[in-house]
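User: Please take a close look at a single part of this structure, starting with one residue and then working outward to its surroundings and the rest of the chain. A connected account is preferred to a list.

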Amino acid sequence: MKREKRSLNQIGFFLLYTFSISWLSWLIIIIGNRYFNALWYGEPLFWIPYAIGSWGAVISSYIIYRQFKEDFSEASFVKFVFGKKIDGKVWLIFGLFTIWRLLMIWLAFGINKPISILSIIINLPLLILLGGLEELGWRGILQPQLEKAINYLPSILIVGTIWSIWHLPLWMIKGTVQSSFPFGLYLFSGIILTASFTTLYKYTNNLLLCILSHAWFNGCIGLALYVGNNGTLQLDLNWKVFAVFSIELIVSIILGIAYSRKNPLVLNNDFKTRKRNLFDKKS
């Protein structure tokens with residue numbers, strides 16, 4: 001019971017910090033747009049509050065790590081992110097995930113030119129900074145802590161919903177990717193991506209690869225939004241799009257459930273390790 005309470009405390013504090021940092025930062029942009037004719041999308045000053053808002057989950061994950069440091073087996077926050085060993089099996093899983101993304105935009109949106117792939121690689125550092133790093137919070141803190149309190153499937157729905165709601169202020173900022181999506185569709189895609197990234201994290205146990213995969217997805221969907229529509233900010237939705245995303249959802253959930261059943265206590269290793277260390281000291 002004490003363990004679950006600590007997990008719920010981490011979840012509560014994480015959400016409080018994340019939403020406060022992000023929504024207040026994005027609110028500055030909204031006020032600037034509406035009342036001062038300033039901070040328009042793409043202007044130099046726009047990127048300051050926008051970036052701070054995007055890093056809400058990143059900043060919060062570090063605060064949680066410091067606040068609940070005894071719950072993490074890693075000696076430092078850097079090791080929490082980069083310290084996991086990446087063996088051949090992990091690289092294979094990551095590689096298949098990356099290839100699927102390219103296959104997805106080819107099948108659904110007809111984008112298959114090499115120059116398009118090159119553009120993702122060139123923009124990858126920016127995609128990591130303004131998107132991929134979110135995984136430190138969503139997969140590093142929220143998802144695993146929530147799975148300590150409830151089952152895998154409900155946790156996917158909850159995290160996907162929270163993640164989508166976290167983006168809500170961006171619908172009020174003209175020019176953002178979110179402003180071109182109906183929220184219902186964005187919510188659906190958020191749940192799908194939550195299932196995908198959570199499954200990737202389960203099988204790789206590596207936040208860095210989740211960060212790269214998140215950034216890679218943002219690059220791929222960016223191609224569909226701009227390159228696939230001659231520079232217009234919209235998705236060409238058709239049955240192929242729904243088909244490939246449905247396949248991703250089904251496969252991710254099946255793999256996630258299989259892993260959770262096979263390794264029901266994996267997410268509690270940090271507590272088991274701490275308990276074992278305490279026992280060793282007493283001995």
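Analyst:
**A loop residue and its setting**

Asn37 counts as exposed because its relative accessibility is 60%, and the cut-off for that class is over 50%. The model is predicted, and every value below is computed from it. Asn37 sits in the loop that joins helix 1 (2–36) to helix 2 (47–54). Its phi is near 50°, a positive value in a residue that is not glycine. Most residues other than glycine have a negative phi.

A second asparagine can be set beside it. Asn205 is not a glycine either, and it has a positive phi of about 55°. Asn205 is placed in the loop between helix 9 (183–204) and helix 10 (207–225). With a relative accessible area of 37%, Asn205 is partly exposed.

From the loop of Asn37, the chain continues into helix 2, which covers 47–54. A nonpolar surface patch is formed by Leu45, Ile48, Ile52, Trp55, Ile59 and Leu129, with about 520 Å² of accessible area together. One of these residues, Ile59, belongs to helix 3 (residues 56–67). Ile59 is partly exposed, since its relative accessibility is 34%.

Helix 3 also leads to the next contact. It packs with helix 7 (residues 135–147) at an angle of about 40°, the two axes being 7 Å apart. The two helices are therefore oblique to each other. On the helix 3 side, the residues that meet helix 7 are Ala57, Val58, Ser61 and Ile64. Their counterparts in helix 7 are Leu136, Gly137, Trp138 and Ile141.

Helix 7 packs with helix 9 too, at an angle of about 85° and with axes 11 Å apart. That angle makes helix 7 roughly perpendicular to helix 9. In this contact, helix 7 supplies Glu135, Arg139, Gln143 and Glu147, and helix 9 supplies Thr194, Phe197, Thr198, Tyr201 and Lys202.

Gln143, a helix 7 residue, is worth a separate look. Gln143 counts as buried because its relative accessibility is 2%, with the class defined as under 20%. Leaving aside residues up to four places away in sequence, Gln143 touches Trp138, Ser155, Ile156, Val159, Thr194 and Thr198. Two of these names recur in the helix 9 side of the packing just described, Thr194 and Thr198. Trp138 is named in the contact of helix 7 with helix 3.

Beyond helix 9 and the loop of Asn205 comes helix 10, where Ala224 is found. Ala224 is buried, because its relative accessible area is 1%. Ala224 lies 118 residues from Trp106 in sequence, yet their C-alpha atoms are 9.4 Å apart.

The overall figures complete the account. The protein has 12 helices and zero strands. Of its 283 residues, 46% are buried. Among contacts between residues at least 6 apart in sequence, 77% join residues at least 24 apart. The exposed area is about 14,500 Å², of which carbon and sulfur atoms supply 69%.

Technical notes
Residues are numbered from 1 along each chain as its sequence is written. This is a predicted model: local features need pLDDT of at least 70, side-chain atom pairs count only at pLDDT 80 or more; totals for chains, interfaces and linings use all residues. Side-chain values use heavy atoms; hydrogens and water are left out. Patches are made of residues with over 30% relative accessible area and no salt bridge: like charges are joined within 9 Å, nonpolar side chains (Val, Leu, Ile, Met, Phe, Trp, Tyr) within 5 Å. Accessible areas come from the Shrake-Rupley method with a 1.4 Å probe; for residues, only the protein chains shown count as cover. A salt bridge is a side-chain nitrogen of Lys or Arg within 4 Å of a carboxyl oxygen of Asp or Glu. Helices (H or I, at least four residues) and strands (E, at least two) are DSSP runs, numbered from the N terminus. Buried means under 20% relative accessible area, exposed over 50%, partly exposed in between (1.4 Å probe, protein chains only). Axes are lines fitted to C-alpha atoms, for helices over the stretch in contact, and angles run from 0 to 180 degrees between N-to-C directions. Angles under 35 degrees count as roughly parallel, over 145 as roughly antiparallel, 65 to 115 as roughly perpendicular and the rest as oblique. Contact means heavy atoms within 4.5 Å.
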